[in-house]
Structures are given as structure tokens and as C-alpha cells.
Protein chains: 2
Amino acid sequence: MALGIGDDAAVLNVTPGQQLVMASDTLVAGVHFPETASGREVATRSLCVNLSDMAAMGAKPRWFTLALTLPRDKANAEWLADFSAGLGDIAKQYDVALVGGDTTSGPLTLTLSLVGEVPVGEALTRSGAGSGDSVFVTGYLGDGAAALELLINDFADHTDSDRLLRRFYCPEPQIQAGLKLRSIASACIDISDGLMADLGHICKASGVTAVIQTEQLPIAAEILERSPLDALEWALCGGDDYQLCFTVAADQLAKVEALIDLGELDARRIGTIKPGDQSIITVSVIDKNNTLLTVVKPGYNHFSH
Amino acid sequence: MALGIGDDAAVLNVTPGQQLVMASDTLVAGVHFPETASGREVATRSLCVNLSDMAAMGAKPRWFTLALTLPRDKANAEWLADFSAGLGDIAKQYDVALVGGDTTSGPLTLTLSLVGEVPVGEALTRSGAGSGDSVFVTGYLGDGAAALELLINDFADHTDSDRLLRRFYCPEPQIQAGLKLRSIASACIDISDGLMADLGHICKASGVTAVIQTEQLPIAAEILERSPLDALEWALCGGDDYQLCFTVAADQLAKVEALIDLGELDARRIGTIKPGDQSIITVSVIDKNNTLLTVVKPGYNHFSH
């Protein structure tokens with residue numbers, strides 16, 4: 001950057017031919033992460049969750065500011081060193097620079113504002129899905145919900161706890177997947193509120209409906225084995241997965257399949273976009289026998305069952 | 001903008017040939033404004049204070065995000081309508097667009113992140129002041145401190161209360177002054193912590209010292225008349241004025257004087273930059289008889305007397 005932390009503001013050089021992508025997200029202790037989370041855990045989760053919005057837009061993250069509200073018991077060198085180390089690790093991993101911010105005293109709260117870049121006209125949005133498009137998701141679904149249950153119920157003997165805690169505190173923002181999907185995906189969103197809710201946002205913005213096939217949903221073997229009764233609900237309705245859900249038109253399908261076959265994109269097809277109009281937009285779930293399991297209708301901000 | 005609120009992030013078109021200027025600031029109820037402030041007052045103060053950082057950089061503000069943490073007693077249509085109207089008025093006045101944000105539940109806290117533009121290489125910084133430069137300030141000093149005392153002591157009969165409350169809740173970010181000072185001022189800062197502290201930041205960043213003449217300090221007649229004993233301290237050390245303090249080299253002085261004479265810049269000369277080295281950087285204050293009144297030494301983040 002041209003000028004970093006220490007002046008009234010940072011001065012940043014934009015890459016010619018790029019549009020900016022800008023988003024802010026707030027995380028509050030006790031709401032978005034447990035009060036007992038370490039400084040490192042707070043930092044890594046906050047930055048990863050915010051980076052996920054950049055992934056959903058197909059943007060390359062460049063810069064961020066951090067507004068940190070700290071209670072007295074955490075305003076000490078040890079907590080801050082742990083926090084800074086975690087923030088620095090994720091920033092380095094995803095090549096994004098902290099360019100400014102503010103610290104205030106109060107209940108532990110973080111607001112991150114990220115700015116990324118995308119070539120003009122290539123940002124992925126929620127509004128481009130069309131009838132006949134295939135619906136894909138990256139990675140596994142349901143890990144976020146499983147991790148949340150682990151954190152709430154504190155299973156000391158949980159066999160999958162290391163993997164799930166890593167998923168919760170270091171969800172992997174799908175930046176590389178987002179970059180590869182530019183000019184291939186017709187619509188894209190990150191799964192923060194759960195697949196049904198977030199695919200619902202795509203349907204609402206695009207004026208279409210969707211049908212999801214349960215047997216195609218990617219669920220980690222550990223979850224299916226340990227929590228077979230919860231697995232499907234977690235995959236469909238659990239939040240905090242920070243995977244991408246995206247749609248692909250028929251003429252782009254071969255490109256996505258090639259990326260998957262080459263191991264360059266970890267994604268699978270889970271359903272199909274169908275025609276819809278603004279009054280009857282739904283996401284339907286069918287099992288392997290084509291039996292309709294549930295139909296949900298996207299509301300303004302969330303699903304009402 | 002290319003894509004606004006409602007997707008995972010906003011997509012923004014940068015003007016070719018411009019650098020970005022980015023800053024974030026948090027305001028907390030009971031710390032940065034009284035708990036009793038109205039929704040409109042909270043909104044206007046928060047946006048004006050954040051815009052002031054853009055003014056200090058000589059940047060044209062373009063976009064902002066808002067992270068709003070709201071307590072239950074304010075999460076109602078009336079408070080939000082009042083808040084939104086205030087935010088909208090200031091955004092319109094300064095031609096800056098709200099492009100995203102987040103709302104959470106908790107003690108009233110706002111984090112605004114602003115992005116502005118400045119032609120490449122023309123951002124005003126703190127580090128360019130040189131020995132022999134003149135020191136200027138815009139507008140009046142001490143209004144912020146006088147307003148704070150009014151708010152704390154709640155003078156029902158205060159003759160200047162309307163003007164001072166407006167100064168506190170709608171401080172005028174000096175955006176136009178900042179734009180005019182591009183490629184004229186050698187250094188610039190906005191006065192949020194008080195003249196001595198903020199001029200001290202310029203001195204520290206530039207490796208110089210400064211001498212301020214008290215009889216040149218612009219203090220509103222109402223303050224001098226009502227609070228003659230406090231006026232000088234408020235002007236020197238009071239915060240929240242959100243005026244600009246800037247330095248001008250001898251070869252640019254005629255341009256600044258011309259702007260002032262033409263009524264295009266409301267500013268006056270208050271002192272001179274002197275040589276300094278990192279170990280003895282000071283800001284000295286002298287009266288009209290050249291008697292030294294006080295010397296302060298800028299610390300890492302604030303002045304220690």
C-alpha cells in the first residue's frame with residue numbers, strides 16, 4: 001500500500017481495470033463465538049468469516065480495517081499478542097493487509113471491513129441464476145452446526161472435536177474457488193445462515209426456485225457416523241459452514257466439471273434451478289426416491305418453515 | 001455504484017487515476033456521545049466525525065459501511081427512522097453512499113468504515129512539515145470542549161447552547177478545505193484530540209517542532225465572552241473540534257493567502273514550524289509578548305505535560 005497505519009487514513013493503490021468489493025461484518029462475544037474463546041480463536045474466526053464474503057463475490061481480498069472493542073480482562077499484552085498472531089496468520093495466508101482501525105473499551109466486539117478487487121463486470125452476485133442451471137456447493141455441509149453443538153454441549157469425549165473446532169474457529173474462506181468461478185457461475189453466495197436460507201437468497205434475487213437432492217449433499221463421514229439423525233438437518237439448515245453455493249448454466253457446466261476432475265475445485269452438484277415467479281419462490285428437498293421431504297419459502301431475510 | 005446493499009458485498013467503480021483512502025472509527029454511547037442522544041444526533045455525529053478523517057487526507061469521500069450495535073430500547077421503528085434520516089442528510093450533504101453494513105444486538109456502538117478517493121500522490125499526510133513552514137487551522141478552536149462541558153453540566157440557561165450542540169452533533173468535516181489544500185499543504189491532520197496533541201502528531205511524523213502564538217488562535221467570540229478563563233485551554237487542548245491543522249511551505253504561502261482572501265478557505269495562521277530531531281520534538285506556546293507559556297512534548301499517542 002502507499003501509506004499504512006499511523007496517519008488519519010490509509011492510502012491504497014487500486015489495480016487498474018478492477019472494481020472494488022466492500023463488506024463489513026460484526027462479531028460479538030457470546031453471540032458469534034463463545035466468551036471463552038482465546039484471542040487467537042477470536043481473531044481467526046472473525047477474519048475468516050469476513051473473507052468468506054469476498055469469496056462469495058469472486059473477489060481477491062486486498063485490505064481490511066479492524067474496530068476492536070475490548071473488555072478490561074482482555075486488554076493485556078498476553079491476550080493481544082495471541083489475538084495479533086492469529087490475525088497475522090490468516091492475513092498472511094490470504095494475502096490481505098490490515099490498513100487501519102480503532103480500539104475502544106467495552107464488551108468484546110469486532111467489526112471488520114474488507115475491500116477486495118474484481119475485474120470490471122466479473123463479480124459473482126446472487127441474481128444471475130436461471131431455470132435449468134445446476135446447483136453446486138463446495139466442501140462439506142453441516143460441520144458448522146455440528147461444531148456449534150459441540151461448543152454448547154462441551155463433549156469431552158467427542159471423537160471429531162479437533163476437526164470441528166478447527167472448522168468453527170478457522171472456517172476456510174473459499175477465496176480460490178470464488179476466483180475460479182468468475183465468469184463461470186451464474187450466481188454465488190457463501191453459506192453462513194444455512195444452505196436452505198442462502199440458496200433461498202439466490203432464488204429470491206434471481207426470481208427462480210430450486211430443488212435439492214438429499215443424497216447428493218456432501219456430509220463428512222464423521223458426522224454421518226456419529227450423528228446420523230441430525231446430519232441432514234445440519235447440512236440443510238445449519239449455519240456457519242462458509243462454503244460457497246453457486247449455480248452454473250448448461251453451457252458452462254463442462255468447465256466446472258473439468259475443474260472438479262482436475263482437483264482444482266472441491267465442489268459437487270446438489271440440485272437444479274427451476275422456473276419461479278416472485279410470489280411462489282421455494283426451495284424443495286427430495287430424497288433418492290424423488291419423494292418430496294420439505295418445501296421452504298424464502299422470506300425477506302430468512303426462511304419461515 | 002455498480003451493486004449496492006443486498007448482496008454479500010457492494011461492487012464499486014473506482015475513478016481512474018485515483019488512490020483509495022480508507023479509515024474506520026468506532027463511537028460508543030456514554031463515551032463518544034451521551035446515552036441520551038437522539039437517533040438523529042448519534043447518526044450525524046458518527047458520520048461527520050468519520051468524514052473528518054477523509055478531509056484530513058484531502059480525499060473526496062465516496063462510500064461507507066455501517067456496523068450498528070443496538071440495545072433493545074432503541075431497536076424500534078421510531079429510533080431507526082430518526083437515525084436513518086440523520087444519516088441520510090449528512091450522506092447527501094457530503095455526497096457519500098452507504099453501501100453495506102451489519103446490525104447486531106448489544107450496547108449502542110457504531111463502527112463506520114469510509115473509503116474515499118484522491119488523485120495518485122496527492123493525499124495529505126502528517127509527515128511533510130518542514131522548518132520554516134507556517135501552521136494554519138480552519139474555523140474556530142475550543143467549540144468542541146465548550147460543547148462537552150455544556151453536555152456534562154447541562155446549563156439550561158446557556159446563551160450559546162444551540163450553536164455548541166450543533167458543533168457537537170454536527171461538526172462540519174472540512175472536506176472542501178481538504179480538497180483545496182491538495183498539493184498546497186505540506187502536512188495536514190484533523191483536530192480530534194486537541195490542537196496540541198494533533199499538531200504534535202504532525203511534528204512527530206515530520207521530525208520537527210512547532211511554536212504557536214496564542215493571540216492568533218481563532219476562538220469564537222461567544223466562548224471568549226462567556227468562558228474567558230477556559231477559552232485558551234479549550235482551544236489548545238480541547239478535542240472534538242474536527243477542524244484541520246495544516247502546514248504550508250514558504251513557496252505555497254501566497255496560494256493559501258489568496259484562497260483565504262477570496263473567501264474560499266476559512267483558515268488562519270497560528271504559528272511556525274521549527275527544526276527538531278526525534279529526541280526533542282515539542283510544541284511551544286507563546287503569548288503576544290513572546291513569553292513562553294508552556295511546552296509540550298508529543299508522546300506515542302498523546303501529549304504528556
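**Entry 1: the two copies.** I started by laying chain A on chain B. The fit comes out at an RMSD of 0.0 Å, using a turn of 180° and a shift of 0.0 Å along the axis. The two copies are thus related as by a two-fold rotation axis. I'm keeping in mind that this is a predicted model.

Next I looked up which surface the copies use. Of the interface residues of chain A, 98% are also interface residues in chain B, so the copies meet through the same surface.

**Entry 2: salt bridge search.** How many salt bridges does a search of the whole structure find? I get 18 over all chains. I picked a few to look at one by one.

**Entry 3: Arg45(A) and Asp240(A).** These two side chains meet in a salt bridge, 2.9 Å from N to O. Arg45(A) lies in helix α1 (residues 39-56), while Asp240(A) is in the loop between α8 (231-237) and β9 (244-248), so the pair ties together parts of chain A that are 195 residues apart in sequence. Buried or exposed, I wondered about Arg45(A)? Arg45(A) is buried, with a relative accessible area of 3%. Asp240(A) has 16%, and since buried means under 20%, I log Asp240(A) as buried too.

**Entry 4: Glu117(A) and Arg62(A).** Here the closest N and O atoms of the salt bridge are 3.0 Å apart. Glu117(A) sits in strand β5 (residues 109-119) of chain A and Arg62(A) in strand β3 (residues 60-70) of chain A, so the bridge ties together parts that are 55 residues apart in sequence. On accessibility, Glu117(A) is buried at 3% relative accessible area, whereas Arg62(A) is partly exposed at 22%.

**Entry 5: over to chain B.** I then pulled up Lys60(B) and Asp95(B), whose side chains meet in a salt bridge at 3.4 Å, N to O. This pair links distant parts of the chain: Lys60(B) is in strand β3 (residues 60-70), Asp95(B) is in the loop between α2 (77-93) and β4 (97-105), and they are 35 residues apart. Lys60(B) is partly exposed, with a relative accessible area of 31%. Asp95(B) counts as exposed, at 53% relative accessibility.

**Entry 6: a network.** Which residues are joined into one network by salt bridges that share partners? I noted Asp143(A), Arg163(A), Arg167(A) and Glu222(A).

Notes:
Residues numbered from 1 in each chain as written. Chains lettered and ligands numbered in written order. Predicted model: local features only at pLDDT ≥ 70, side-chain atom pairs only at ≥ 80, totals over all residues. Heavy atoms only, no water. Salt bridge = Lys/Arg side-chain N within 4 Å of Asp/Glu carboxyl O. Helix = DSSP H or I, 4+ residues; strand = E, 2+ residues; numbered from the N terminus. Buried < 20%, exposed > 50% of the residue type's maximum accessible area, 1.4 Å probe, protein only. Least-squares fit on C-alpha atoms with pLDDT ≥ 70 in both. Contact = heavy atoms within 4.5 Å.
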